[in-house]
Amino acid sequence: MDIRSLGYLRIETADLPAWRCYALDILGMVEGEGSGDTVLHARIDDRIRRFSFVAGTTDRLLAAGFELPNARALAEAAEELEAHGFPVKHADEATLAERRVQGLIHVDDPAGNPLELYWGQAQDHSPLGTPYGNRFVTGDHLGLGHVVLPAPDMEAAVSFYEHLLGFQLRDRMKLPPVAVPTGEPGRDFYWMNFLSPNARHHSVGLYPGALPPGIVHFMVETDSLDAVGYCLDRMNAAGIPIASTLGRHSNDHMVSFYAQAPGGFQVEYGWDGLIVDPATWTTKEITSDSLWGHQWNG
């Protein structure tokens with residue numbers, strides 16, 4: 001299956017004004033075309049949108065969108081998913097127009113996480129003009145960053161992303177039971193897995209437990225350490241709880257911090273993520289989340 005990147009995230013929110021402040025004023029994203037009273041589309045590059053925050057009654061992931069190169073690749077993906085017992089739904093014209101894509105199918109992964117596979121997303125050729133001069137790293141098919149999804153049945157989830165969607169398993173990490181309070185009882189440890197369809201170390205993380213929003217965190221990457229520091233200052237000035245202090249991860253080498261986001265999950269804001277050569281990469285077990293820092297506060 002020819003998936004190229006994590007293209008966009010759609011998130012339902014019970015507090016759209018809070019996300020408007022958080023995404024634009026704190027994270028430094030840019031309001032995108034089509035935003036209004038019931039939806040905020042956010043840009044971080046030349047794509048018409050990378051995030052859509054949709055007003056609703058709950059806080060949950062509506063869809064993780066993965067990009068394919070063309071109509072043929074999408075048709076082949078749909079056939080392959082159906083052949084392996086994963087029903088797909090083809091988007092109607094209204095959905096295509098709303099998403100600003102040429103083709104799209106809906107499918108759930110084994111954990112019930114909603115995915116959208118698509119091709120032909122519109123671009124916005126106007127200058128991005130971020131509010132703080134910050135620039136996000138998305139180029140060379142790296143996608144918007146990464147997302148961590150709940151996957152209580154880890155074996156089924158890894159098989160789906162690795163063997164069906166064609167992602168490369170980059171590394172794995174053991175988690176103690178205390179880190180997975182919703183996990184299967186009686187386990188000595190749980191596996192967390194990191195995968196990607198491109199050169200970004202991981203585009204998807206799979207967490208071995210259940211979480212009500214259907215998302216653990218998403219990550220956006222900036223092109224400078226200063227941009228991370230400035231954002232951390234904005235978080236602190238706004239009184240937003242910092243879930244994890246600044247640190248450097250052991251697997252993707254990202255220097256980042258984590259902050260609580262509206263809706264019961266977290267956002268990672270980072271710099272200097274690892275770019276790998278898929279042809280020479282060897283999957284490993286990492287035994288520590290970070291090389292330094294990342295002191296978790298909750």
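The paragraphs below lead through a predicted model, beginning with a pair of helices and passing on to cysteines, aromatic rings, a buried helix face and salt bridges.

A convenient place to enter the structure is the contact between two helices. Two packed helices are described by the angle between their axes and the distance between those axes. Here helix H1, which spans residues 16–26, packs with helix H5, residues 225–238, at an angle of about 145°, and the two axes run 10 Å apart. On the side of H1, the residues that take part are Tyr22, Asp25 and Ile26, and they meet Cys231, Arg234, Met235 and Ala238 of H5. Sorted by class, this contact of H1 with H5 brings together five nonpolar and two charged residues, with no polar residue among them.

The two helices also lead to the question of sulfur bonding, since Cys231 is one of the H5 residues in that contact. How many disulfides does the structure hold? The count is zero, and the positions of two cysteines show why for this pair: the sulfur of Cys21 has its closest cysteine sulfur in Cys231, 11 Å away, which is too far for a bond, given that a disulfide requires the two sulfur atoms to lie within 2.5 Å. Seen from the other side, Cys231 is likewise in no disulfide, and its nearest cysteine sulfur is that of Cys21, at 11 Å. The surroundings of the two residues can be set side by side, for Cys21 is partly exposed, with a relative accessible area of 38%, whereas Cys231 is buried at 0%.

Helix H1 takes part in aromatic packing as well. In the whole model the count comes to 16 aromatic pairs, and one of them joins Trp19 and Phe53 in a stacked arrangement, with 4.3 Å from centre to centre and 15° between the planes. This pair links distant parts of the chain, because Trp19 belongs to helix H1 and Phe53 to strand E4, 34 residues apart. Are the two rings buried or exposed? Trp19 is buried, with a relative accessible area of 0%, and Phe53 is also buried, at 0% relative accessibility. Both belong to one aromatic cluster, which consists of Trp19, Tyr22, Phe51, Phe53, Phe218 and Phe265; Tyr22 has already appeared in the contact of H1 with H5.

Another helix, H4, covers residues 154–164, and its buried residues are Met154, Ala157, Val158, Phe160, Tyr161 and Leu164. An α-helix has 3.6 residues a turn, so residues three or four places apart point the same way. The cover over the buried residues of H4 includes helix H2 together with strands E7, E8, E9, E11 and E12. Just after H4, Gly166 takes a positive phi of about 90°. A second glycine, Gly85, is found in the loop between helix H2 and strand E6, where Gly85 is exposed at 57% relative accessibility. The C-alpha atom of Gly85 is separated by 14 Å from that of His163, although the two residues are 78 apart along the chain.

Charged side chains add further links, and a search of the whole structure finds 16 salt bridges. In one of them Arg49 is joined to Glu98, with the closest N and O atoms 3.9 Å apart; Arg49 lies in the loop between strands E3 and E4 and Glu98 in helix H3, so that the pair links parts of the chain 49 residues apart. Arg49 is buried, with a relative accessible area of 7%, while Glu98 is partly exposed at 29%. Arg99 forms a salt bridge with Glu116, in which the closest N and O atoms are 2.8 Å apart. Because Arg99 lies in helix H3 and Glu116 in strand E8, this pair ties together parts that are 17 residues apart in sequence. Arg99 is buried at 12% relative accessibility, and Glu116 is buried at 3%. These four residues belong, with Arg10, to a network of salt bridges.

A further salt bridge is that of Asp223 and Arg135, whose side chains meet at 3.0 Å, N to O. The pair links distant parts of the chain, with Asp223 in the loop between strand E13 and H5 and Arg135 in the loop between E8 and E9, 88 residues apart. Asp223 is partly exposed at 34% relative accessibility, whereas Arg135 is exposed at 56%.

Notes:
Residues are numbered from 1 along each chain as its sequence is written. This is a predicted model: local features need pLDDT of at least 70, side-chain atom pairs count only at pLDDT 80 or more; totals for chains, interfaces and linings use all residues. Side-chain values use heavy atoms; hydrogens and water are left out. Axes are lines fitted to C-alpha atoms, for helices over the stretch in contact, and angles run from 0 to 180 degrees between N-to-C directions. Helices (H or I, at least four residues) and strands (E, at least two) are DSSP runs, numbered from the N terminus. Contact means heavy atoms within 4.5 Å. Ala, Val, Leu, Ile, Met, Phe, Trp, Tyr, Cys and Pro count as nonpolar, Asp, Glu, Lys and Arg as charged, and the others, Gly among them, as polar. Buried means under 20% relative accessible area, exposed over 50%, partly exposed in between (1.4 Å probe, protein chains only). Rings of Phe, Tyr and Trp (its six-membered ring) pair if their centres lie within 6.5 Å; planes under 30 degrees apart count as stacked, over 60 as edge-to-face and the rest as tilted.
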